[in-house]
Amino acid sequence: MTKSIFSALATLTPSAEWNIEGEDYATIQWLSPNIPQPTLEEIQAEIVRLEAQFSIDDCKRKAKKLLADTDWAEMPSVTDVTLTPHLLNVAEFAAYRAAIRGFVISPVASPCFPTVPTAQWSS
């Protein structure tokens with residue numbers, strides 16, 4: 001997702017009023033005389049920061065979804081070996097979920113998510 005001057009201005013000066021035409025810094029019409037207008041350099045730095053933060057937030061969002069998609073693999077009715085059928089590769093799912101949980105706890109900008117195991121059932 002590409003962040004814009006609009007997004008940068010909104011986070012740098014949340015209570016300021018301004019107008020802008022398109023994405024051109026030169027077209028900013030600053031309407032808040034008591035709040036200093038950010039420089040072009042400040043806005044560019046904020047856009048870079050927002051894009052990096054979006055990537056990190058996206059990693060965390062995807063990791064939470066991947067965990068939710070495999071929550072079933074930890075249910076007692078699936079893991080109990082006295083029940084038939086039961087999941088045979090519980091350890092693979094536990095390792096997968098541990099790796100994914102790591103991205104929820106410490107998200108990164110460019111994650112390499114592991115492949116979800118294929119469920120193997122007893123008969």
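**Exercise 1. Find which residues make up the largest nonpolar core, and which helix gives the most to this core.**

Step 1. Start with the members: the largest nonpolar core has nine residues, namely Ile 5, Ala 8, Leu 9, Ala 16, Trp 18, Ile 28, Trp 30, Ile 43 and Ile 47. A nonpolar core here is a set of buried Ala, Val, Leu, Ile, Met, Phe, Trp, Tyr and Cys residues joined through side-chain atoms within 4.5 Å. Buried stands for under 20% relative accessible area, exposed for over 50%, and partly exposed for what lies in between, with a 1.4 Å probe and protein chains only.

Step 2. Sort them by element: helix 1 and helix 2 each supply at least two residues of this core, and helix 1 gives the most, with three. Helices (H or I, at least four residues) and strands (E, at least two) are DSSP runs numbered from the N terminus.

Step 3. Look for a further core: apart from this one lies another, of seven residues, among them Cys 59, Ala 63, Leu 67 and Phe 103.

Before going on, please keep in mind that this is a predicted model, in which local features need pLDDT of at least 70 and side-chain atom pairs count only at pLDDT 80 or more, while totals for chains, interfaces and linings use all residues. Residues are numbered from 1 along each chain as its sequence is written, and side-chain values use heavy atoms, with hydrogens and water left out.

**Exercise 2. Work out where the buried residues of helix 1 lie and what they pack against.**

Step 1. Ile 5, Ala 8 and Leu 9 are the buried residues in helix 1.

Step 2. Viewed down the axis of helix 1, these residues fall within an arc of 95 degrees, so they line one face of the helix. The arc is taken from the directions from the helix axis to the C-beta atoms.

Step 3. The packing partners of these buried residues are strand 1, strand 2 and helix 2. Contact means heavy atoms within 4.5 Å.

**Exercise 3. Describe helix 2 and follow Glu 46 within it.**

Step 1. Helix 2 covers residues 40–69, has 30 residues and reaches 43 Å from its first C-alpha to its last, close to the expected 44 Å. The expected span is 1.5 Å times one less than the number of residues.

Step 2. Buried in helix 2 are Ile 43, Glu 46, Ile 47, Leu 50, Cys 59, Ala 63 and Leu 67. They pack against helix 1 (5–12) and helix 4 (90–105).

Step 3. Glu 46 has a relative accessible area of 9%, so this residue counts as buried. Neighbours within four places in sequence aside, Glu 46 is in contact with Ala 8, Thr 11 and Leu 12.

**Exercise 4. Compare the buried residues of helix 4 with the exposed ones on its other side.**

Step 1. Helix 4 has 16 residues and reaches 22 Å from its first C-alpha to its last, close to the 22 Å expected.

Step 2. Phe 93, Tyr 96, Arg 97, Ile 100, Phe 103 and Val 104 are its buried residues. They fall within an arc of 105 degrees seen down the axis of helix 4, so they line one face.

Step 3. Ala 91 and Ile 105, on the other side of helix 4, are exposed. What covers the buried residues includes helix 2.

**Exercise 5. Find which partner forms an aromatic pair with Phe 103.**

Step 1. The whole structure holds four aromatic pairs. Rings of Phe, Tyr and Trp (its six-membered ring) pair if their centres lie within 6.5 Å; planes under 30 degrees apart count as stacked, over 60 as edge-to-face and the rest as tilted.

Step 2. Phe 103 pairs edge-to-face with Phe 113, at 5.0 Å centre to centre and 70 degrees between the planes.

Step 3. Phe 103 lies in helix 4 and Phe 113 in the segment after helix 4, so the pair ties together parts that are 10 residues apart in sequence.

Step 4. Now check accessibility: Phe 103 is buried, at 15%, whereas Phe 113 is partly exposed, at 23%.

Step 5. Ring pairs also link Trp 72, Phe 93 and Trp 121 into a cluster.

**Exercise 6. Is His 86 buried or exposed, and what is it in contact with?**

Step 1. His 86 lies in the loop between helix 3 (76–79) and helix 4.

Step 2. Its relative accessible area is 11%, so His 86 is buried.

Step 3. Without neighbours within four places in sequence, the contacts of His 86 are Val 78, Asp 80, Val 81, Gln 120, Trp 121 and Ser 122.
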